[in-house]
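Here are my notes on this model, as numbered points. Please keep the sequence and the structure open while you read.

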Amino acid sequence: MKQLPDGVARGAQAGIVQVRNGAVLQIGFNRPERRNAITAAMYSGLADGLRQAADDPATKVVVLHGTPLAFTAGNDLGDFLNNPPASDDAPVMRFLGAIVAFPKPLVAAVNGPAVGVGTTMLLHCDLVYAGDEAQFSLPFASLGLCPEGGSSVLLPALAGYARAAEKLLLGEPFDANEAREMGLVNKVVPAAQVLEFALARAQLLARQPTASLLETKRLLRAPLAAQVAQAMKDEGATFRRMLTEPAAREAFSAFLEKRKPDFAKAEAGGAGRAPLPGG
């Protein structure tokens, strides 16, 4: 594919925008009217963008970012239910595979909410900068699901088992300062400055020798690589199974109907035969 010229955007129509700044490529969520909720088409755009950047010798660093009020609200629920990840070839799985395998430095600039996959993808970034109003959450259990993106390995390794269990089992939101204490975020800056700050750090990285960047990242990631690969395999199979089970059906129905889920009823079999909303 032809190299993107400096300052030129591509892909905004699909909810993903790319902008080149020298050796730094920005890949951004661009669906602010839905708080950058991710569709299957957006996952495909992210996966393609990362794979092209990995193969492009002119790209040394990638910066992931959202819009001023949101990083991403996670999956677009309606689109997700209409296009569930039925196999390893599903767009979300292609994206997760691409971000795990990305060999170059990956920097994230986070403003506003980073929900579900919006938080787990940060575990695969090398530097994460958050605005002081950023909010993170991992509400998988609350949706009748399990962790994804290797987070069952990476979050305990980063924050310790007790804190990881609290975030993954309860799914309660946490702010940028707590994310920094956990090791998820490198630095908290004023919200209006986070993208500029992340881009400046990315430009510093881009001045380093390419081989040094690649080998340092490889060595940093190597100790957990096999565990992450196995975890993602287990998580993916479990996630797909749980999507079809009563608790997830009840959680999604409750979300769409704007009510509290009744998991006791679901687990007693009351929701077992109901179709997935939108499915």
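1. Start with the small sheet. Three strands form an open sheet in the order E6-E8-E9, and the pairing is mixed. Its edge strands are E6 (113-115) and E9 (174-175), each of which pairs on one side only. Strand E8 covers residues 135-137 and is joined to E9 by two bridges. These two strands run antiparallel. To find the register, look at Phe136, which stands opposite Phe174 in E9.

2. A word on the source. This is a predicted model. Please read every point below with that in mind.

3. Now the chain as a whole. It has eleven helices and ten strands. Its radius of gyration is 18 Å, and the globule rule gives 19 Å for 279 residues, so the chain is as compact as a globular protein of that length. The C-alpha trace spans about 60 × 40 × 35 Å along the principal axes.

4. Burial and contacts come next. Of the 279 residues, 49% count as buried. Take the contacts with a separation of 6 or more: 69% of them are between residues 24 or more positions apart.

5. Which strands pair with E7? Strand E5 (residues 106-110) does so in the parallel sense, over four bridges. Strand E10 (residues 187-189) also pairs with E7 in the parallel sense, over three bridges. Two residue pairs mark the register. Ala108 stands opposite Val128 in E7. Gly131 stands opposite Val189 in E10.

6. Is E7 mostly covered or mostly open? It is mostly covered, with four of its five residues buried. Strand E7 (127-131) also gives two or more residues to the lining of the largest pocket. Please check both features together in the viewer.

7. The largest pocket has a volume of about 800 Å³. It is lined by 31 residues, and the closest to its centre are Leu123, Cys125, Asp126, Leu220 and Arg221. Besides E7, the elements that give two or more residues to this lining are helix H3 (91-101), helix H5 (151-159) and helix H9 (210-243).

8. Which element gives the most to the lining of the largest pocket? It is H9, with eleven residues. By class, this lining has 23 nonpolar residues, four polar ones and four charged ones. Asp126 and Arg221 are among the residues closest to the pocket centre.

9. The second largest pocket has a volume of about 630 Å³. Its lining holds 28 residues. Nearest its centre lie Ala73, Asn75, Val115, Leu143 and Phe255. Val115 is worth a second look: the edge strand E6 covers 113-115, and Val115 is one of the residues nearest the centre of this pocket.

10. Where does the lining of the second largest pocket come from? Helix H2 (77-82) and helix H10 (246-257) each supply at least two of its residues. The largest share, five residues, comes from H10. By class, the lining divides into 17 nonpolar, six polar and five charged residues.

11. To set the two pockets side by side, use this table.

| Pocket | Volume | Lining residues by class | Element giving the most |
|---|---|---|---|
| Largest | about 800 Å³ | 23 nonpolar, four polar, four charged | H9, eleven residues |
| Second largest | about 630 Å³ | 17 nonpolar, six polar, five charged | H10, five residues |

Conventions. Residues are numbered from 1 along each chain as its sequence is written. This is a predicted model: local features need pLDDT of at least 70, side-chain atom pairs count only at pLDDT 80 or more; totals for chains, interfaces and linings use all residues. Side-chain values use heavy atoms; hydrogens and water are left out. On a 1 Å grid over the protein atoms alone, a cavity is a set of points where a 1.4 Å probe fits but cannot get out, and a pocket is an open set with protein on both sides within 12 Å along at least five of seven lines; lining residues have an atom within 4 Å of a point. Grid points are joined across faces, edges and corners, and a volume is the space filled by probe spheres set on the points. Ala, Val, Leu, Ile, Met, Phe, Trp, Tyr, Cys and Pro count as nonpolar, Asp, Glu, Lys and Arg as charged, and the others, Gly among them, as polar. Buried means under 20% relative accessible area, exposed over 50%, partly exposed in between (1.4 Å probe, protein chains only). Two strands pair if DSSP finds at least two bridges between them. The radius of gyration is taken over C-alpha atoms; the globule rule is 2.2 Å times the number of residues to the power 0.38. Contact means heavy atoms within 4.5 Å.
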